[in-house]
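Please look at the structure shown here before reading on. The questions that follow work through it step by step, and each answer closes on the value or name that was asked for.

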Amino acid sequence: MSQGPRSGLAAVSSALLAMSRHLEVRDVLKTIVASARELLDAQYAALGVPDDHGGFAQFVVDGVSEEQWKAIGPLPRQHGILAAMLHQARPERLADVREDPRFEGWPAAHPDMSDFLGLPIRDGDEIIGALFLANKLHPENADSPHRKPESGCGFTEDDEELLSILAQHAAIALTNARLYERSRELTIAEERSRLAHELHDAVSQKLFSLRLTAQAAAALVDRDPARAKGELQQVTALAAEAADELRAAVVELRPAALDEDGLVATLRTHAQVLDRAHTARVTFTSRGVRALPAAQEEALLRVAQEALHNALRHSGADHVDVTLHKRGPGTVLRITDDGKGFDPTTVRRAGRHLGLVSMRDRAGGIGGSLTVESAPGKGTTIEMEAPGG
């Protein structure tokens, strides 16, 4: 194996363990690329997952700044050396990629690359990606650590062997991540189907009752106004129940914004919408929180929604503050209001839980905890701690 500082057994083990920790495909891809670049002392690394239309469904890079990546432009197509990795299914180790007859150039903002090492990532006979490294670093060249030896490719046969081992484990990690995401999609689909049945059974029945009651009220308006008034009050109650049933069902769906924007952005948007919709001031702040596992993000969002609903509908608060911050390895969500507060023990005895049971179940379901601090006239603070990534 290569004699670089990150080439020992411990370094390889760390890279493989890092890949196995993640379940989201994007996280796995990023970990593979970062591990390969660090392990083989390369200036640049990239991993492309092909689509079925001659392009890449995903393309992850390491060693290129975000500004540089934006300036480069659209994702590459499957041509030149990239196509060779995906269609010829063999490793490529080149002294200068720019001199290869298959080289077709790159955008003006693309960093300059010379020595190149690439190989496919395979799941059985299927090529599910291609891993590339460019510009081997050479610390022994003190005046220019990026300068390769006088002749030949900076990447060695040992480097190729090491990258091959990494690619084999990358295939396992990537396949597992895909299976996990597919499983989650199926779970969500099943949940949506279940909720559709619940909506049909519960809400449609309430709406049917509402319609009959409204018809009865209309028939009584002229001959018995007092009874008509009672029927209209029943209409109001049934409409409220139907709205509650609908809201409860919709809340159970994982919002698309959580997948697209992440927890912090989704909570910020949710707080802004509530701030505009209610007389109470609703604020949100976040410190040091990055992406969390999907289950934890969903649980934190649901607890925040339930706690905000309680604060805005029942507490009479003037100000509701939501914060999300790191605490050690974990993440803490806190919702504080200056409302009328309540006695948690009295609420439990009366059988009115204000969603506390649901919130505790959500926290416990991800290995977290939930605490509630409240007293009459003292406002309420609900705090949930998630274990972190």
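Two strands pair if DSSP finds at least two bridges between them.

Q: In β8, which residue is the bridge partner of D321?
A: This is a predicted model, and the pairing is read from its atoms. Eight bridges join β7 to β8, and the two strands run antiparallel. Within that pairing, the residue of β8 that partners D321 is T336.

Q: How confident is the predictor on average over the protein chain, as pLDDT?
A: Confidence is given for each residue on a scale from 0 to 100. Over residues 1-7 the pLDDT stays under 50, and the model has 15 contacts beyond four places in sequence for that stretch. Across the protein chain, 76% of the residues score at least 70, and the average pLDDT is 79.

Q: What is the order of the strands in the open sheet with mixed pairing?
A: Seven bridges join β6, residues 281-287, to β7, residues 319-327, and these two strands run parallel, while β7 and β8 run antiparallel. The edges are taken by β6 and β9, each with a single partner strand, so one side of each has no neighbour in the sheet. Neighbouring strands are turned by 10° against each other on average, when direction is ignored. The sheet has five strands, in the order β6-β7-β8-β10-β9.

Q: Is the β-α-β crossover from β6 to β7 left-handed or right-handed?
A: The two strands run parallel and are joined by seven bridges, with V282 having V320 as its bridge partner in β7. Between β6 and β7 the chain passes through helix α9, residues 294-314, and the crossover made in this way is left-handed.

Q: What angle does the direction of α11 make with that of β9?
A: Two helices that pack on this sheet can be described in turn. Helix α8 touches β6, β7 and β8, and its direction makes about 165° with that of β6. Helix α11 touches β9 and β10, and its direction makes an angle with that of β9 of about 145°.

Q: Which element gives the most residues to the largest nonpolar core?
A: This core has 36 residues, and L263, L267, L324, L333, L370 and M384 touch the most other members. Elements that each supply at least two residues include α8, β6, β7, β8 and β10. With nine residues, the element that gives the most is α9.

Q: Which residue of helix α9 is in contact with L370?
A: Neighbours of L370 within four places in sequence are left aside, and its contacts then include L356, M359, I382 and M384. Helix α9 covers residues 294-314, and the contact of L370 with a number in that range is V303.

Q: Is D361 buried or exposed?
A: D361 has its place in helix α11, residues 356-365, and its C-alpha atom is separated by 9.8 Å from that of V303, 58 residues away along the chain. A residue counts as exposed over 50% relative accessible area. Because the value for D361 is 53%, this residue is exposed.

Q: Which strands stand at the edges of the sheet with the order β2-β1-β5-β4-β3?
A: This open sheet has five strands with antiparallel pairing, and six bridges join β1 to β2, with L47 opposite V60 in β2. Helix α2 packs on the sheet and touches β1, β2 and β5, its direction making about 40° with that of β2. An edge strand pairs on one side only, and here the edge strands are β2, residues 56-62, and β3, residues 92-94.

Q: What is the phi of N135, near which value?
A: Most residues other than glycine have a negative phi. N135 is found in strand β5, residues 126-136, and is buried, with a relative accessible area of 8%. Its phi is positive although the residue is not glycine, and the value is near 60°.

Q: Is D41 buried or exposed?
A: D41 lies in the loop between α2 and β1, and its phi is also positive, near 55°. A residue counts as buried under 20% relative accessible area. Because the relative accessibility of D41 is 16%, this residue is buried.

Technical notes
Residues are numbered from 1 along each chain as its sequence is written. This is a predicted model: local features need pLDDT of at least 70, side-chain atom pairs count only at pLDDT 80 or more; totals for chains, interfaces and linings use all residues. Side-chain values use heavy atoms; hydrogens and water are left out. Helices (H or I, at least four residues) and strands (E, at least two) are DSSP runs, numbered from the N terminus. A crossover is right-handed if, with the strands pointing away from the viewer, the path from the first strand over the helix to the second runs clockwise. Buried means under 20% relative accessible area, exposed over 50%, partly exposed in between (1.4 Å probe, protein chains only). Contact means heavy atoms within 4.5 Å. Axes are lines fitted to C-alpha atoms, for helices over the stretch in contact, and angles run from 0 to 180 degrees between N-to-C directions. A nonpolar core is a set of buried Ala, Val, Leu, Ile, Met, Phe, Trp, Tyr and Cys residues joined through side-chain atoms within 4.5 Å.
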